[in-house]
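Please open the model in a viewer and keep the sequence panel visible. The tour below proceeds selection by selection.

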Amino acid sequence: MQFEVLKQSSNTSARLGLLKTPHNSFKTPVFMPVGTQATVKTMTPDELEQIGAKIILSNTYHLYLRPGHELVKEAGGLHKFMNWQGSILTDSGGFQVFSLGDLREINEEGVTFRSHIDGSLHFIGPETSIEIQNALGADIIMAFDECIPYPATYDYVLNSVERTTRWAERCQKAHNNPERQTLFGIVQGGMYKDLRQKSALDITSLGFKGYAIGGLSVGEPKELMYEILEFTVPFLPNDKPRYLMGVGAPEDLFEGVIRGVDMFDCVLPTRIARNGTVFTGNGKLVVRNAVYARDFSPLDPHCDCYTCKNYTRAYIRHLINTNEILGIRLTTIHNLYFLINLMKQIQAAIEGDYLLDLRDEFYINYGIKS
């Protein structure tokens, strides 16, 4: 992987970058659609390519349980298994394991947990996580960490941060394919600034080629998320990509970019699409509502995605309310296109040095108080 900063914003911490992986090159800031189980729900790889997706995220925990990383390796790796020609980032499985609550037990070696599928007992530690990700063959892989819950006590977060650093070192030692797969470290620290600083300094001292910021958007108020993000980013190297994990609301993309983030992922656009909710330039729209039964306009009159060029709100509402699969395919296409196109606008705004003006205009139209 290679990363280059092409343009630094003059009045924010935003930057336009170019990231190269073994599979392709793309500009940053970038939004990564989530393909948890080796598929972005309802989308074909060709459709993802057509809407401009360059890199997607897949999930180590889920692919370990089904179909198994050995099977994916036997198929030739995740790219061949799912027929995706672009880049792939795999998370470490940490967030999913730690979200199991009472179904898991943490110790220095790793995490013992029960499968959410059948209750069977499993173990993932730093070495196991890297072994799985090496077998999957993603371009970018993540160190195994603990995603700290919110709220959490200072002592709990301190112990977790120190263990995450030890796990990061173990991940580096276990990684056996550095020529083809780039390993990112993850900064934790909860909502405590001194622990964010400690984690950032400890993790960056290990010399990863990219850095993620984890443990945000886990239930804290947005203002606190932005505050912690703004505090943390300056401790990360300028010449390495910065990835804010699990964040994808339009306003969060703007605020993350302004604070210097290069990469984002989130299940939000595909998840709300399956509930009949879509992004538009004038805010979210719940197309399944009765008010759209005879609305023959597109989801967003200013959008030129496949859905908006060919179908009306009334038709999509009909599909969703009759549980026709095409309905959620069309809303998913639109939502992913909306965010990917928004990132293109943000890239252009950084290059032209009008990012804050773009944000302010977007917020006015979207109904967000800046």
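The crossing of helices α8 and α9 is right-handed. Please bear in mind throughout that the model is predicted.

**First stop: α8 and α9**

Select residues 193–204 for α8 and residues 222–232 for α9; the two helices pack at an angle of about 40 degrees, and their axes are 10 Å apart. The pair is therefore described as oblique, since the oblique class excludes angles under 35 degrees, which count as roughly parallel, and those from 65 to 115, which count as roughly perpendicular. To view the contact itself, display the side chains of Lys193, Arg196 and Gln197 on α8, together with Glu227, Ile228, Phe231 and Thr232 on α9. Coloured by class, this contact shows two nonpolar, two polar and three charged residues.

**Second stop: a three-stranded sheet**

Move next to the open sheet whose three strands are ordered β7-β8-β9 and pair in the antiparallel sense. Which strands stand at its edges? They are β7 (104–107) and β9 (121–124); each has a single partner strand, so one side of each lacks a neighbour in the sheet. On average, and with direction ignored, neighbouring strands of the sheet are turned by 15 degrees against each other.

Within this sheet, select β8 (residues 110–114), which is antiparallel to β7 and joined to it by four bridges. Arg104 can serve as a marker here, as its bridge partner in β8 is Phe113. Then add residues 154–174: this is helix α7, which lies across β7 and β8 and runs at about 75 degrees to β7.

**Third stop: β14 and its partners**

Select β14, residues 263–266. Are its residues buried or exposed? Met263, Asp265, Phe264 and Cys266 are all buried, with Met263 and Asp265 pointing one way from the strand and Phe264 and Cys266 the other way.

Two parallel partners can now be added. Strand β4 (residues 30–33) pairs with β14 over four bridges, and Val30 stands opposite Met263. Strand β13 (residues 242–244) pairs with β14 over two bridges, and Met263 is here the bridge partner of Tyr243.

Continue from β14 towards α11 (268–273), and the loop between them contains Val267. Val267 is partly exposed, its relative accessible area being 27%. A distance drawn from the C-alpha atom of Val267 to that of Thr28 reads 19 Å, for a separation of 239 residues along the chain.

**Fourth stop: helix α10**

Select residues 250–258 to display α10, a mostly covered helix in which nine of its nine residues are buried. Among these buried residues are the charged positions Glu251, Asp252 and Glu255, as well as Leu253, Phe254, Val257 and Ile258. What do the buried residues of α10 pack against? Their surroundings comprise β4, α9 and β14, along with β15 (277–280), α14 (325–352) and α15 (355–366). After the helix comes Gly260, which has a positive phi, near 105 degrees.

**Last stop: Ser58**

Finally, select residues 55–58, which form strand β5, and centre the view on Ser58. Ser58 has a relative accessible area of 0% and is therefore buried, the cut-off for that class being under 20%. Display its contacts, leaving aside neighbours within four places in sequence: they are Gly35, Thr36, Ala38, Leu63, Leu78, Met82, Ile88, Leu89, Thr90 and Asp91.

Conventions. Residues are numbered from 1 along each chain as its sequence is written. This is a predicted model: local features need pLDDT of at least 70, side-chain atom pairs count only at pLDDT 80 or more; totals for chains, interfaces and linings use all residues. Side-chain values use heavy atoms; hydrogens and water are left out. Axes are lines fitted to C-alpha atoms, for helices over the stretch in contact, and angles run from 0 to 180 degrees between N-to-C directions. Angles under 35 degrees count as roughly parallel, over 145 as roughly antiparallel, 65 to 115 as roughly perpendicular and the rest as oblique. A crossing is left-handed if the near helix is turned anticlockwise from the far one by less than a right angle, and right-handed if clockwise. Contact means heavy atoms within 4.5 Å. Two strands pair if DSSP finds at least two bridges between them. Buried means under 20% relative accessible area, exposed over 50%, partly exposed in between (1.4 Å probe, protein chains only).
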